[in-house]
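Reader: I have just opened this structure and would like to understand the words used to describe it. Could you take me through them?

Author: Gladly! Here is what we will look at together.

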Amino acid sequence: SIESDAMLSAFAMYGSAGANIKGFDALDAIIEVNGKLIVESGNVGDKKYGSGIFLRNSNLKVLGTGSVEARAGNPGPTSGFGVYGVKTSNGGSITIDGGGFLASGGSGAIYPYDTPVTITAPPVYYEISENKDGSNPTIYTSAEDWATVNGKFENIKYIKATTIYDVYVNDVQVTRLNSHDVLGDGTVSYEVANGANPATLRLNNASFAGDLKLSEPTSIILTGENAVGDIHTKGELKLGGSGELTLNGSLEGTDTKVIVEGQAKLITSRDITIKELINNSSIENNAKLTITDSISGSGDIVNEERIVFPSSTDENFVKNVTGDGLCEIVTGAGEPSAFYSQGRRLFLVTDSLDFTTDPSHGSYKADATLETDGYSFDSINKVLTLGNILIGSVYDYAIKLPKEATVTLEGISHISAGKLGILADDNLIVDGAGFLKIETENLPCILANKTLSINNGKIIAKSSRIALLVLDVEPN
């Protein structure tokens with residue numbers, strides 16, 4: 001009996017005596033495989049026999065979670081002496097009850113040739129080939145079609161019979177046969193759901209650009225650093241283990257629930273939407289993460305870009321999010337969202353602020369203060385002080401400054417502009433110990449018509465084209 005969490009590998013070489021060789025020789029036995037059995041025998045000498053598995057009045061049972069690979073080498077030059085993946089005699093038999101089975105040999109995959117190979121549990125997948133390496137196979141995916149060739153294996157040197165799953169890893173479909181090593185490099189394995197235990201996908205330093213396509217609620221156990229493309233999931237997705245998973249694509253699924261637990265870490269690099277998120281470990285967000293229904297847990301969240309939280313989210317939960325990104329709590333129909341960054345709530349300004357005009361024109365408030373508005377402007381000394389504020393503008397610019405202006409950073413400030421971020425008529429000085437993040441589409445985050453001097457503070461400028469543009473370059 002080979003249990004579900006075990007693997008047995010046996011190899012028989014060609015010895016100097018040139019005897020018949022068998023990788024696994026069974027007499028009056030019942031062999032039950034729930035795990036993985038790999039057996040191989042080498043090439044035989046002239047007038048000798050060989051087999052990967054030799055069943056003498058023995059029954060090989062490949063059960064629901066098991067898989068068997070039986071391979072044999074090539075025969076000697078004299079004909080009539082066969083080398084087979086599986087050879088039976090005196091009532092030896094093969095039963096495949098939902099597992100996976102592969103046999104190949106230089107003389108034939110199975111002997112006698114009329115030995116049937118049948119998977120009892122659908123869905124089924126069969127391959128046969130006249131080539132020992134399985135090249136140019138004929139494929140059967142229905143029991144009815146397979147019945148027309150089953151037990152007619154003369155000249156067939158390769159047989160694969162396996163249960164298939166609606167699960168794909170980097171475009172490779174998971175089968176019972178490859179589930180212990182899906183990609184063939186030791187980085188991915190898959191275990192079917194068993195009773196109360198969900199399906200389990202194990203990633204061990206796996207990195208590929210293709211997708212993960214999961215057919216049911218799945219637990220992904222992480223070891224080391226892992227990276228995947230899109231994840232297509234049905235039902236709950238649980239991340240556990242001690243490693244990390246970088247999601248370089250999207251997360252697709254209906255009513256997706258994601259759980260991050262143990263010491264696992266989820267790293268996002270593309271926009272994703274999750275219905276319910278339970279984080280008891282660690283998340284690093286580098287794109288736009290939208291949670292539509294609920295978020296809970298005591299894990300760490302580092303946000304470098306943007307997270308949208310549902311209206312039910314407690315403000316103190318969002319204030320514990322670290323990183324330079326922007327957090328938004330959707331407050332309800334007709335009401336503006338609440339915005340936070342680095343543990344502070346931000347004042348929201350949705351129009352452009354033009355400090356080159358008189359405040360009576362309505363572009364900014366002359367009596368604005370950091371405590372009530374998130375900014376203040378000293379029109380005499382031409383100093384704009386930014387506190388905890390988010391300026392979101394779809395107009396030509398978010399902020400327009402007069403000549404010889406200074407921007408003093410005292411809090412956590414964000415500018416999200418459809419066009420220009422900050423437009424300065426000539427010289428611009430940025431000072432203070434605060435933080436400013438500017439994001440624009442096609443135009444610069446900061447445009448200074450003469451010089452730009454950044455004396456202090458921290459600035460992050462992100463644009464799809466030009467981050468900083470100084471026309472008369474005299475940088476300090």
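Author: Let's begin with one pair of strands in this predicted model: β38 and β41 run in the parallel sense and share 5 bridges.

Reader: What makes β38 and β41 a pair?

Author: Two strands pair if there are at least two bridges between them. β38 and β41 have 5 bridges, so they meet that cut-off of at least two. As one example, Ser393 has Ala417 of β41 as its bridge partner.

Reader: Which other strand is joined to β38?

Author: Strand β34, residues 344-349, is joined to β38 by 3 bridges, and the two run parallel. Here Phe347 has Ile389 in β38 as its bridge partner.

Reader: Why is β38 called mostly covered?

Author: Buried means under 20% relative accessible area. In β38, which spans residues 389-393, 4 of the 5 residues are buried.

Reader: Now for a single residue: how do you know whether Ile412 is buried or exposed?

Author: Ile412 has a relative accessibility of 6%. Since buried means under 20%, Ile412 counts as buried. You will find Ile412 in strand β41, residues 412-417.

Reader: Which residues does Ile412 touch, leaving out those up to four places away in sequence?

Author: They are Ser341, Gln342, Arg344, Leu346, Gly387, Asn388, Ile389 and Phe435. For this, a contact means heavy atoms within 4.5 Å. As for Ser453, Ile412 is 41 residues from it in sequence, and their C-alpha atoms are 20 Å apart in space.

Reader: What makes β36 and β37 a hairpin?

Author: The two strands have 4 residues between them. Strand β36 (residues 375-378) and strand β37 (residues 383-386) run antiparallel and are joined by 4 bridges. In one of these pairings, Asp378 has Val383 in β37 as its partner. In the turn, Lys382 has a positive phi of about 55°.

Reader: Which way does β37 run relative to β40?

Author: β37 and β40, residues 405-409, run parallel, with 4 bridges joining them. Across this pairing, Leu384 stands opposite Val407 in β40.

Reader: What is the order of strands in the open sheet?

Author: The order of its 5 strands is β35-β39-β42-β45-β48, with parallel pairing. β35 (353-354) and β48 (468-470) are at the edges because each has a single partner strand, so one side of each lacks a neighbour in the sheet. The partner of β48 is β45, residues 446-448, and 3 bridges join these parallel strands. Ala448 has Val470 in β48 as its bridge partner.

Reader: Stepping back, how many helices and strands does the chain have?

Author: There are 2 helices and 48 strands.

Reader: And how do you know how the chain compares with a compact globule?

Author: A compact globule of 476 residues would have a radius of gyration near 23 Å, whereas the chain has 33 Å. Along its principal axes, the C-alpha trace spans about 105 × 45 × 35 Å.

Reader: How much of the chain counts as buried?

Author: Of its 476 residues, 49% count as buried. The accessible surface is about 21,100 Å², and carbon and sulfur atoms hold 46% of that.

Reader: How far apart are the mean positions of the positive and negative charges?

Author: They are 6 Å apart, with 36 positive and 59 negative charges in the chain.

Terms used. Residues are numbered from 1 along each chain as its sequence is written. This is a predicted model: local features need pLDDT of at least 70, side-chain atom pairs count only at pLDDT 80 or more; totals for chains, interfaces and linings use all residues. Side-chain values use heavy atoms; hydrogens and water are left out. The radius of gyration is taken over C-alpha atoms; the globule rule is 2.2 Å times the number of residues to the power 0.38. Buried means under 20% relative accessible area, exposed over 50%, partly exposed in between (1.4 Å probe, protein chains only). Accessible areas come from the Shrake-Rupley method with a 1.4 Å probe; for residues, only the protein chains shown count as cover. Lys and Arg count as positive and Asp and Glu as negative; His and the chain ends are not counted. The place of a charge is taken as NZ of Lys, CZ of Arg, CG of Asp or CD of Glu.
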